[in-house]
Amino acid sequence: MIPDLNISLESERTLLRPLTKDDEKELQEIANEESLWIYGTSDLSRPGELKRYIATGIADRNCGVCAIWVVIDKRTGKIAGCTRLSEISWKDERGQIGWTWIGSDFQGSGLNRDMKFLILSYGFETLGLNRIELKADERNHRSRQAILGIGATREGVLRKHIKLHDGYIRNTVYYSILRTEWETIKEQYFTNFIMYE
């Protein structure tokens, strides 16, 4: 039986709340930052794109293959962006953290790292996944460093893998964390992080 993916995750710093259609207006204010979409498959600053993004994410959640959240910075009480645990394969016991975007005001604040801890904990400890993947545009050095900074293993590059919204076909760098590695990674990379039940 597929678990309910319509669930909130919370720490002292971060609240991940299930995305709803009512979040569109507030998210659009963030999505209007064009710099967020330099490496994106979509440009959510364009009219109608965010509405489609939300509808697709909710539909995937209803099908049991995606948990999609708005990211709330509890220090300010503001919505900071959006993230997912997606492409869940229950048969293969794996999923992928991705489609993460947060406004420039929140970048470099530790919020991204905190939400990754919440999602990894949820994926391994609640959902029982065996593998969680992360991927990044080969040119996106900041994202790649952040992924390595949470203990993920670089697995390789898929060449000319995904076409972006501007027509560029990117190389994609793949990373993963395995359930057998999680306890060690949690101790080494996420000291002092606490997930609220």
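Author: Two strands count as paired if DSSP finds at least two bridges between them. The model discussed here is predicted. In this model, β2 and β3 pair in the antiparallel sense over 5 bridges, and Thr14 stands opposite Asp73 in β3.

Reader: In what order do the strands of the open sheet lie?

Author: A sheet is read from one side to the other, strand by strand. The open sheet has 9 strands in the order β7-β8-β6-β5-β4-β3-β2-β1-β9, and the pairing is mixed. At its edges are β7 (153-163) and β9 (195-196), each of which pairs on one side only.

Reader: How many bridges join β3 to β4, and which way do the two run?

Author: They run antiparallel and are joined by 7 bridges. Val70 stands opposite Cys82 in β4, and Ile68 stands opposite Arg84 in β4. The two strands form a hairpin with 4 residues between them. Gly77, in the turn, has a positive phi of about 75°.

Reader: How many residues of β3 are buried, and on which faces?

Author: In a regular strand the side chains alternate between the two faces of the sheet. In β3, 7 of its 7 residues are buried. Ala67, Trp69, Val71 and Asp73 are on one side, Ile68, Val70 and Ile72 on the other, and both faces are covered.

Reader: Which helix or strand gives the most to the largest nonpolar core?

Author: In soluble globular proteins, nonpolar side chains tend to be buried together. The largest nonpolar core here has 35 residues, and those with the most contacts inside it are Leu16, Trp69, Leu85, Leu120 and Tyr122. At least two residues each come from β3 (67-73), β4 (78-89), β5 (94-102), α3, β6 (131-137), β8 (169-178) and α5. Helix α3 gives the most, with 8 residues.

Reader: What does Leu120 contact beyond its neighbours within four places in sequence?

Author: Its contacts are Ile97, Glu125, Ile132, Ile150, Ile177, Trp182 and Phe190. Another core, of 18 residues, lies apart from the largest one and has Leu19, Trp37, Leu44 and Ile54 among its residues.

Reader: How many aromatic pairs are there, and how is one of them classified?

Author: The classification uses the angle between ring planes: under 30 degrees is stacked, over 60 is edge-to-face, and the rest are tilted. The count comes to 9 aromatic pairs. One of them, Phe124 with Trp182, has 35° between the planes and 5.7 Å centre to centre, and is tilted. Phe124 lies in helix α3 (residues 111-126) and Trp182 in helix α5 (residues 179-189), so the pair ties together parts that are 58 residues apart in sequence. Phe124 and Trp182 are both buried.

Reader: What kind of pair do Phe190 and Phe193 make?

Author: Their ring centres are 5.3 Å apart and their planes are at 85°, so this pair is edge-to-face. Phe190 has a relative accessible area of 2%, so it is buried. Phe193, at 23% relative accessibility, counts as partly exposed. Phe117, Phe124, Trp182, Phe190 and Phe193 form one aromatic cluster.

Reader: Which ring does the charged end of Arg84 sit over?

Author: For such an arrangement, look for a charge placed over a ring face. The charged end of Arg84 sits over the ring of Tyr53, 4.5 Å from its centre. Lys160 lies over the face of Tyr168, at 6.0 Å from the ring centre.

Methods. Residues are numbered from 1 along each chain as its sequence is written. This is a predicted model: local features need pLDDT of at least 70, side-chain atom pairs count only at pLDDT 80 or more; totals for chains, interfaces and linings use all residues. Side-chain values use heavy atoms; hydrogens and water are left out. Rings of Phe, Tyr and Trp (its six-membered ring) pair if their centres lie within 6.5 Å; planes under 30 degrees apart count as stacked, over 60 as edge-to-face and the rest as tilted. Buried means under 20% relative accessible area, exposed over 50%, partly exposed in between (1.4 Å probe, protein chains only). A charge sits over a ring if NZ of Lys or CZ of Arg is within 6 Å of the ring centre and within 35 degrees of the ring normal. A nonpolar core is a set of buried Ala, Val, Leu, Ile, Met, Phe, Trp, Tyr and Cys residues joined through side-chain atoms within 4.5 Å. Contact means heavy atoms within 4.5 Å.
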